[in-house]
Amino acid sequence: MDCIFCKVINKEVPGYFVLEEKDYVAFLDIFGSTDGHVMVVPRKHGLSILDYSKEELGELMEGVQNVAKKLEKNLNTDSITIGINHKEEKGVPHLHIHLIPRFKDDGGKVLQSLVSKGIKEDLTETTEKIRKA
């Protein structure tokens, strides 16, 4: 497999691991937004959350929680932005969760500012579409 995250997990290429567990690992994003930008990655390869069981996703979120505690304690963050790029074509095709430490003077924006298409449809219609899917 030619997945860079699988290669990091298997230690075929270097990684800056902050946590290594049976079902997931956490390592620094080498192109991170700030110091301490960490990604929690399942050891099992998959593209999206739909490729994993509830149990596997629960383990992954346990990893997110563990890393968040470490970031808050050791980097003195004001908050943490946590994000998943589900089926993201522009990044690495292996599910991963970003934890980006936030500080009052970091110049960052809220997660909702990533997409600026705006709401064009009636909220009731959108609600019904999602419910019946």
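Trainee: Which side chain is joined to that of H98 by a polar contact of 3.3 Å?

Mentor: This is a predicted model, in which local features need pLDDT of at least 70, side-chain atom pairs count only at pLDDT 80 or more, and totals for chains, interfaces and linings use all residues. Residues are numbered from 1 along each chain as its sequence is written, and side-chain values use heavy atoms, with hydrogens and water left out. A polar contact is a pair of N or O atoms within 3.5 Å; within protein, one must be able to donate a hydrogen and the other to accept it, and residues adjacent in sequence count only if both atoms are side-chain atoms. At 3.3 Å, the side chain joined to H98 is that of H96.

Trainee: Is H98 buried or exposed?

Mentor: Buried means under 20% relative accessible area, exposed over 50%, and partly exposed in between (1.4 Å probe, protein chains only). The relative accessible area of H98 is 14%, so H98 is buried.

Trainee: How many residues of strand 5 are buried?

Mentor: Helices (H or I, at least four residues) and strands (E, at least two) are DSSP runs, numbered from the N terminus. Strand 5 covers residues 97-102 and includes H98. One side of the strand carries I97, L99 and P101, the other H98, I100 and R102, and all are buried. Of its six residues, the number buried is six.

Trainee: Over how many bridges does strand 4 pair with strand 5?

Mentor: Two strands pair if DSSP finds at least two bridges between them. Strand 3 (residues 38-42) runs antiparallel to strand 5 and is joined to it by three bridges, with V40 partnered by I97. On strand 4 (residues 79-84), also antiparallel to strand 5, the number of bridges is six.

Trainee: Which residue stands opposite H98?

Mentor: Contact means heavy atoms within 4.5 Å. Leaving aside neighbours within four places in sequence, H98 is in contact with D29, H37, V38, M39, T81, I82, G83 and N85. Of these contacts, the one standing opposite H98 is G83.

Trainee: How many residues of helix 3 are buried?

Mentor: The protein has three helices and five strands, in the order α-β-β-β-α-β-β-α. At the N-terminal end of helix 3, D122 acts as a cap, with a side-chain oxygen 3.0 Å from the backbone nitrogen of T124. Helix 3 (residues 123-132) has 10 residues and lies largely in the open, because the number buried is zero.

Trainee: What share of the residues of the protein counts as buried?

Mentor: The C-alpha trace spans about 50 × 40 × 25 Å along its principal axes. Of the 133 residues, the buried share is 30%.
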